[in-house]
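Please take a moment with the sequence and the structure before reading on. The paragraphs below are meant to be followed with both in view.

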Amino acid sequence: MLKLISSEKMLVGLVALIAVGMSFIYLGKGTESPAQMLQTKPASSAVSVSETKISALEKELENKLKANLSLMDGVGKVQVSVSLSTGLKSEYARNQNVTKNTSKETDKAGGTRETTQVTENNQVVMPNGTSQPVMVMEDRPEVAGVLVIAEGARDPKVREGIHTAVQTLLNIPSAKITVVPMGGV
């Protein structure tokens with residue numbers, strides 16, 4: 001009888017221990033420490049914004065190249081991948097204003113003191129009633145590399161034509177372009 005009571009107590013204790021452990025697991029899933037929140041949230045949102053802009057530019061270039069290359073004789077089906085190393089670079093008009101004030105003071109002993117105060121103001125020009133600054137120049141993004149996979153690339157003349165077309169359209173060095181034949185089943 002004593003053995004039966006102690007094993008029942010042990011079983012109840014084990015079930016209670018499992019229940020407490022499960023509640024800790026359940027309650028701990030939705031919480032993050034403040035350090036974890038600071039590390040993951042801001043970094044991912046800042047990166048995703050710039051990656052999205054660059055990805056959109058890459059996709060636009062890929063579609064334009066694919067449309068042009070697919071019209072070429074002998075190319076056939078084509079797949080294009082473009083990798084950019086930078087996004088668009090914009091330069092905005094600035095209103096630069098420099099003010100220089102110089103004052104000379106002479107004391108009773110004949111000593112002089114000269115003070116110069118320079119104030120610089122460098123503001124972006126915003127037209128009245130708009131929230132967009134005046135753009136002076138916009139540079140294209142820098143292409144890191146282009147990969148073209150085409151059915152017709154097995155033919156050396158077609159491959160050379162594709163290579164030359166990409167080099168001409170993007171104005172990039174030959175070393176940044178790779179053209180390979182499409183593998184098929």
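What follows goes from the chain as a whole to its sheet, its hairpin, its largest pocket and a few single residues.

The model shown here is predicted, and its residues are numbered from 1 along the chain as the sequence is written. The chain holds 3 helices and 7 strands, and a reader who starts at the N terminus meets these elements in the order α-α-β-β-β-β-β-β-α-β. Of the 185 residues of the chain, 16% count as buried. When contacts with a separation of 6 or more are considered, 66% of them are made by residues that lie 24 or more positions apart.

A good place to begin is the open sheet, which consists of 3 strands in the order β1-β6-β7 and has mixed pairing. The edges of this sheet are taken by β1 (78-84) and β7, and because each of these has a single partner strand, one side of each is left without a neighbour in the sheet. Neighbouring strands of the sheet are turned against each other by 10° on average, with direction ignored.

The two pairings in this sheet can be followed one after the other. Strand β1 is joined to β6 (residues 143-150) by 7 bridges, and these two strands run antiparallel. Within this pairing Val82 stands opposite Val146 of β6, while Gln79 has Ile149 of β6 as its bridge partner. On the other side of the sheet order, β6 and β7 are joined by 5 bridges and run parallel, and here Ala150 stands opposite Pro181 of β7. As general background, the side chains of a regular strand alternate between the two faces of the sheet.

A helix accompanies this sheet: α3 packs on it and touches both β6 and β7, and the direction of α3 makes about 150° with that of β7. Which residues does His163 touch, not counting residues up to four places away in sequence? His163, which lies in helix α3, touches Ser174, Ile177 and Val179. His163 counts as buried because its relative accessibility is 18%, and buried means under 20%.

The loop that comes after this helix deserves a separate look. Asn171 is placed in the loop between α3 (156-170) and β7 (177-181), and this residue has a positive phi of about 55° although it is not a glycine. Is Asn171 buried or exposed? With a relative accessible area of 71%, Asn171 is exposed, since the cut-off for that word is over 50%.

Another helix brings the reader back to the first strand of the sheet order. Glu62 has its place in helix α2, and, with neighbours within four places in sequence left aside, Glu62 is in contact with Val80, Ser81 and Val82. The last of these, Val82, is the residue that stands opposite Val146 in β6. Glu62 has a relative accessibility of 12% and therefore counts as buried.

Elsewhere in the chain, β3 and β4 form a hairpin with 5 residues between them, and Gly110 in its turn has a positive phi of about 95°. Strand β3 (residues 94-106) runs antiparallel to β4, and 13 bridges join the two; in one of these pairings, Val98 has Glu120 of β4 as its bridge partner. Gln117 is also found in strand β4 (residues 112-124). Although Gln117 and Thr99 are 18 residues apart along the chain, their C-alpha atoms are separated by 8.0 Å, and Gln117 is in contact with Thr99, Lys100 and Asn101 when its neighbours within four places in sequence are left aside.

The last stop is the largest pocket, in which about 410 Å³ of space lies. How many residues line the largest pocket, and which of them lie nearest its centre? The lining is made of 15 residues, and Leu61, Arg140, Pro141, Leu169 and Leu170 are those that lie nearest the centre. By class, this lining has 9 nonpolar, 2 polar and 4 charged residues. Helices α2 (34-70) and α3 each supply at least two residues of the lining, and the largest share, 6 residues, comes from α2.

Key. Predicted model: local features only at pLDDT ≥ 70, side-chain atom pairs only at ≥ 80, totals over all residues. Heavy atoms only, no water. Helix = DSSP H or I, 4+ residues; strand = E, 2+ residues; numbered from the N terminus. Buried < 20%, exposed > 50% of the residue type's maximum accessible area, 1.4 Å probe, protein only. 1 Å grid on protein atoms, 1.4 Å probe; cavity = no way out; pocket = protein on both sides within 12 Å on 5 of 7 lines; lining within 4 Å. Points joined across faces, edges and corners; volume = space filled by probe spheres on them. Nonpolar A, V, L, I, M, F, W, Y, C, P; charged D, E, K, R; others polar. Pairing = 2+ DSSP bridges. Axes fitted to C-alpha atoms, helices over the stretch in contact; angles between N-to-C directions. Contact = heavy atoms within 4.5 Å.
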